[in-house]
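Student: I'm new to this one. Could you walk me through how to read it?
Tutor: Happy to. Have a look at it, and then we'll start with a single residue.

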Amino acid sequence: MNTNTIPRPAAEVITAGFTFIEAYCTHAMLNAVGSLDDWPAFAATWGRLEPDTFMADGGRYRRRRHGVFRVDKGGSVVREPHQPHWQGRDYNPLNGGVERWFAPIED
């Protein structure tokens, strides 16, 4: 695949499986597609994550919410119905192999 025509972050995800984007770049990308006036309300939701009760080691050190989105061919982002998070044991030997129903993300 020719990654020369793909924006850098997307190209890095394709080739390396991840990317790092500085906060100021993320802000600019988000601001380009809509107002960030609701950012403080969004940021506050991170303080309302719920305990992960599915830790196989019995730990209560993780807090989570879960949501699934898809992007259609036209670029529209659609929130999918609430569903469990799933990882197989081959990917997550400690916590995989079980449907983990985390609280849904907030609107």
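Student: Okay, let's start with Thr45: is it buried or exposed?
Tutor: Keep in mind that this is a predicted model. For burial, you look at the relative accessible area and call a residue buried when it is under 20%. Thr45 has 16%, so it counts as buried.

Student: Where does Thr45 lie?
Tutor: Thr45 is part of helix H3. Its side chain has a polar atom 2.6 Å from the backbone oxygen of Phe42.

Student: What about the rest of the chain: how many helices and strands are there?
Tutor: The protein chain has three helices and four strands. Follow the sequence along and you read α-α-α-β-β-β-β.

Student: And how do I judge how spread out the protein chain is?
Tutor: You set the radius of gyration beside what the globule rule gives for that number of residues. Here the radius is 17 Å, well over the 13 Å from the rule for 107 residues, so the protein chain is more spread out than a compact globule. Its C-alpha trace spans about 45 × 35 × 25 Å along the principal axes.

Student: How much of the protein chain counts as buried?
Tutor: That applies to 17% of the 107 residues. As for surface, the protein chain exposes about 8,200 Å², with carbon and sulfur atoms supplying 58% of that area.

Student: What share of the contacts comes from residues 24 or more positions apart?
Tutor: Take the contacts with a separation of 6 or more: residues 24 or more positions apart account for 30% of them.

Student: How many positive and negative side chains are there?
Tutor: There are 12 positive and 13 negative ones, and the centres of the two sets lie 5 Å apart.

Student: Let's try a loop residue. Where is Arg48?
Tutor: Arg48 sits in the loop between helix H3 (39-45) and strand E1 (50-51). With a relative accessible area of 40%, Arg48 is partly exposed.

Student: Which residues is Arg48 in contact with, leaving aside neighbours within four places in sequence?
Tutor: Those are Ala41, Arg65 and Glu106. With Glu106, the contact includes a polar one between the two side chains, at 2.8 Å. For a distance to try yourself, pick the C-alpha atoms of Arg48 and Asp72: these residues are 24 apart along the chain, and the atoms are separated by 30 Å.

Student: Now the segment after strand E4 (77-79), where Asn92 lies. Is Asn92 buried or exposed?
Tutor: Use the cut-off from before: Asn92 is at 14% relative accessibility, so it counts as buried.

Student: Which residues does Asn92 touch, not counting those up to four places away in sequence?
Tutor: Asn92 touches Gln87 and Arg100. The side chains of Asn92 and Gln87 are joined by a polar contact of 2.6 Å. The Asn92 side chain also reaches the backbone nitrogen of Asn95, at 2.9 Å.

Student: Asp90 lies in the segment after E4 too. Is Asp90 buried or exposed?
Tutor: Exposed means a relative accessible area over 50%. Asp90 has 77%, so it is exposed. The C-alpha atoms of Asp90 and Ile14 are separated by 22 Å, and these two residues are 76 apart along the chain.

Terms used
Residues are numbered from 1 along each chain as its sequence is written. This is a predicted model: local features need pLDDT of at least 70, side-chain atom pairs count only at pLDDT 80 or more; totals for chains, interfaces and linings use all residues. Side-chain values use heavy atoms; hydrogens and water are left out. Helices (H or I, at least four residues) and strands (E, at least two) are DSSP runs, numbered from the N terminus. The radius of gyration is taken over C-alpha atoms; the globule rule is 2.2 Å times the number of residues to the power 0.38. Buried means under 20% relative accessible area, exposed over 50%, partly exposed in between (1.4 Å probe, protein chains only). Contact means heavy atoms within 4.5 Å. Accessible areas come from the Shrake-Rupley method with a 1.4 Å probe; for residues, only the protein chains shown count as cover. Lys and Arg count as positive and Asp and Glu as negative; His and the chain ends are not counted. The place of a charge is taken as NZ of Lys, CZ of Arg, CG of Asp or CD of Glu. A polar contact is a pair of N or O atoms within 3.5 Å; within protein, one must be able to donate a hydrogen and the other to accept it, and residues adjacent in sequence count only if both atoms are side-chain atoms.
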